[in-house]
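Before you read my comments, please open the structure and take a moment to look through it. The points below are meant to be followed with the model in view.

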Amino acid sequence: MIEALIYAATFTLTVATAVPSAYGTSVTAPAKVPRIVSSVQFPQSRWKIVRHTFRLQIPQESKPLSQLTISVPAGLTVKNKSKIGVFDQSGRQVDTNVSVEGNKVTLAFPTPVNPGTELKIAMRDVKISGVTNAWLYKVHARLVGINADLPIGFARFRFYR
């Protein structure tokens, strides 16, 4: 009986090691549109007025960025356009024309933002009136030479109790 178990275990291990491993390669096509790489809420608690900040990366293969449109979700209010700042990766403020209409924030760049830049968009004094654990801002970009808003994703803000 023990001899049969030893043969069965040996056979199983031999078969398991003889099967070739499946190798996978990642399909990473070069990005051609901006993408959201991070987002953070400060403070990360149930305060009624917070700061929402997200980072947007413009890849080298992209066209320059001329405008961003941010849809503010229900339950949040962004009213004061002077409380919205856009900064590059070195911390310098980027020249931006900000407009707030209802639940849409539009950031127009008089000088298009070049590829290879990472932007930090900081919205201060965001008022919270809804109840949820996560807020999703839908973000659209307009690139030079393309006269349409391209959806680039969601800036997701979570807070922890």
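The numbered points that follow concern one sheet and a strand within it.

1. Please keep in mind throughout that this is a predicted model, and that each point below should be read in that light.

2. The sheet to look for is an open one, formed by 5 strands that follow the order 6-7-3-9-10, with antiparallel pairing. Its edges are strand 6 (97-101) and strand 10 (150-158), each of which pairs on one side only. On average, and with direction ignored, neighbouring strands of this sheet are turned by 20° against each other.

3. Strand 3, which covers residues 65-71, runs antiparallel to strand 7 (residues 104-113), and 6 bridges join the two. If you would like a place to begin tracing this pairing, find leucine 68, whose bridge partner in strand 7 is leucine 107.

4. Strand 3 is also joined by 6 bridges to strand 9 (residues 134-143), and these two strands again run antiparallel. Here you can start from glutamine 67, whose bridge partner in strand 9 is arginine 142.

5. Is strand 3 mostly covered or mostly exposed? It is mostly covered, since 6 of the 7 residues in strand 3 are buried.

Technical notes: Residues are numbered from 1 along each chain as its sequence is written. This is a predicted model: local features need pLDDT of at least 70, side-chain atom pairs count only at pLDDT 80 or more; totals for chains, interfaces and linings use all residues. Side-chain values use heavy atoms; hydrogens and water are left out. Two strands pair if DSSP finds at least two bridges between them. Helices (H or I, at least four residues) and strands (E, at least two) are DSSP runs, numbered from the N terminus. Axes are lines fitted to C-alpha atoms, for helices over the stretch in contact, and angles run from 0 to 180 degrees between N-to-C directions. Buried means under 20% relative accessible area, exposed over 50%, partly exposed in between (1.4 Å probe, protein chains only).
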